[in-house]
Amino acid sequence: MGTSGMIEIKPQLNSSAYDRVQERIMRQTLEALWFEGILPYEQGGTVWKTEGTAANGDTVTYRCQAAEKLSFGRIRIQPGTIQRESEPCHDVHLFLNELVSQRLEGERIQPFIQELLETLAKDSQCQASLNDQIPEQDQHYEALESHMTDGHPYHPSYKSRLGFSLHDNAAYGPEFNPEVRLYWVAVHKEWADTAVSNGFEVEALYAQHLSTQDYERFNGQIKAYGDPQQYVLLPLHPWQWEHRIEPVFTRQRFNGELIPLGESEATYRPQQSIRSLSNRNVADAPYIKLALHMTNTSTSRILAHHTTQNAPLISDWLTRLVQQDTLLQAQGFDLLREMLGVSFRYTELPALQYGEAYGSLGTIWRENIAGKLSDQEQAWPLNAVSLVQPNGEPFAARAIARHGVEVWSKALVKAVVLPIIHLLYAHGIALESHAQNIILVLENDLPKRIIVKDLHDGVRYVPEQLLYPEQAPELHPIPETHRKFNRYSFIHAESVAEVRDYTYDAFFFICMTDLAFTLERFGLSEAAFWKLCTDTITDYQQQHPEYEARYKDYDLFAPDALIEEMTKRRLYGDSELYFRSVSNPLQLARDGKLG
């Protein structure tokens, strides 16, 4: 399977898949609207209800079986229980019209609904194509990335992929295991910036992705415009070339400042983020992360210039910290470094073109996991722990059964939590450590350690509060134009509370809570799960009294944990920052109040 213009996509229809996706969208939307206080509800035991407005103005009542969980007060609706006026609700369009369109106010109500309906289309197509279970030959990291089909466990529009048609979705979505070819352009050096990590050579990194024949063909094309030595080669996602670069960079193509070169020979497998690709022909080649003007879970997947140039700086800095840290070394903690960043230089573009071009033409080379594992180890994306295969069997069931849920969960929590809290407490660094960015390494099916990735804009710290502030890199600043459309994207925080809350939000609220819900299905209670987390933290604090002052600065047991309200952001825009204070299960578990 190649680019979208080269393949034939047949529609996939499956009523059971459509019904499952409809139900999930309604359930996840209602959970988010209730949790964020957007839609009022009444609670009577396990029966929760809320009022909607019908097209004729009449009030209609929706009810379901639900519970407020111990994990941050998250609301969980029992699957298959949503009713409209005492009848099962099987119509997501009616649901959204009566509970969102007719009921809520906000500047982005209709775009929000559109994201949900796009999710309905894309995920129905995906679910209809899945095998009953992951084949044995696919139980390695690169293939498992493609099998992580669930999307965001909280965000209602978990698979919107705005900009993709269903044809594009099948051509480039990881669930379909396509063979994608990169499209390459040559950019004159006056318009390109390159940053590389210490110890790596740009030419060697390129050579792992381009064959001798690729180089000969590309150089032959460039010679029609000038000296190939005066150009930088840049890979693109084929969708990005067709839908963004080709029309936006007309002037540069006309002037010979950007030369279309075509596809390279190698084929690639998309990872779960869609725009990060692994090379099928060279198994240990660096992964390539590409700019993609497709919007998924409410975020346009651009690669801003400063993030591509900061990527090697941040990777070098964090790698040095990890290598000199005895605890992280003992834990086997590791990073997938981002060794190379290449970007078009947008600042000299005309103002109108700048807005369209910004973040559209850039790439990051990320270290391959192949060199990080011993022969006895296997690697999973962390969200594989929560994956339920289409046949109903949890992917992790066999591994958990082999060791027992208590032993397995204790190993998991220690492997995941310990390095994250050590980075926070000892170093003053928070990572955007949601499950998609964490790789779980197991040995004999037992969790052993973690590797983290996606570092270029997934780090937060107060520079003067670092353990080794003199080692911090001097980063390329975030342009004001970037701040205006993404106020949530920054690295330097103004207060330690912002750093702590970054850990609360990405790590504990989403990542660890989803693991708590997963292990609950295997018989480990929420209270027991959070007690494991709390024990890990308190044991660490007792063993490291040298950081006592930091335990107060980055107080993980505080009652004032702030969580980003993602659904409000979608409904009301980015003119304000939306956060809410929630109950903290870590504090409750430490104080013995979780039961």
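Is K448 buried, exposed or partly exposed? K448 has 38% relative accessibility, so K448 counts as partly exposed. The model on screen is predicted, and this tour goes from K448 to a sheet, a helix and some charged pairs.

**Stop 1: K448 and its partner**

Select K448 and E443 together. They form a salt bridge, with the closest N and O atoms 2.7 Å apart. E443 has 26% relative accessibility and therefore counts as partly exposed too; the cut-offs for that class are 20% and 50%. K448 falls within the residue range of β22 (446–452), and E443 within that of β21 (residues 438–443).

**Stop 2: the sheet**

Switch to a cartoon view and select β16, β22, β21 and β19. In that order, these four strands make up an open sheet with mixed pairing. Colour the edge strands next: they are β16 (334–335) and β19 (377–381), and each of them pairs on one side only.

Now keep β19 and β21 in view. Their pairing is antiparallel and runs over five bridges. To find one position along this pair, select P381, which stands opposite I439 in β21.

**Stop 3: the helix across the sheet**

Add helix α14, residues 405–427. Helix α14 lies across β19, β21 and β22. Relative to β22, helix α14 runs at about 25 degrees.

**Stop 4: a long-range charged pair**

The structure contains 29 salt bridges. Select K69 and E526 for one of them: their side chains meet at 3.4 Å, N to O. K69 is in the loop between β3 (59–68) and β4 (75–77), while E526 belongs to helix α17 (residues 526–543), so this pair ties together parts that are 457 residues apart in sequence. K69 and E526 are both buried.

**Stop 5: K159 and E175**

Move to K159 and select E175 with it. This salt bridge has its closest N and O atoms 3.1 Å apart. K159 sits in the loop between α4 (141–147) and α5 (166–172), and E175 in the loop between α5 and β7 (183–188); the pair therefore ties together parts that are 16 residues apart in sequence. Both K159 and E175 are buried.

**Stop 6: the network**

Which residues do salt bridges with shared partners join into one network? Keep K159 and E175 selected and add D123 and R161: salt bridges that share partners link these residues into one network. In general, side chains of opposite charge can pair when their charged atoms come close.

Definitions and conventions:
Residues are numbered from 1 along each chain as its sequence is written. This is a predicted model: local features need pLDDT of at least 70, side-chain atom pairs count only at pLDDT 80 or more; totals for chains, interfaces and linings use all residues. Side-chain values use heavy atoms; hydrogens and water are left out. Two strands pair if DSSP finds at least two bridges between them. Helices (H or I, at least four residues) and strands (E, at least two) are DSSP runs, numbered from the N terminus. Contact means heavy atoms within 4.5 Å. Axes are lines fitted to C-alpha atoms, for helices over the stretch in contact, and angles run from 0 to 180 degrees between N-to-C directions. A salt bridge is a side-chain nitrogen of Lys or Arg within 4 Å of a carboxyl oxygen of Asp or Glu. Buried means under 20% relative accessible area, exposed over 50%, partly exposed in between (1.4 Å probe, protein chains only).
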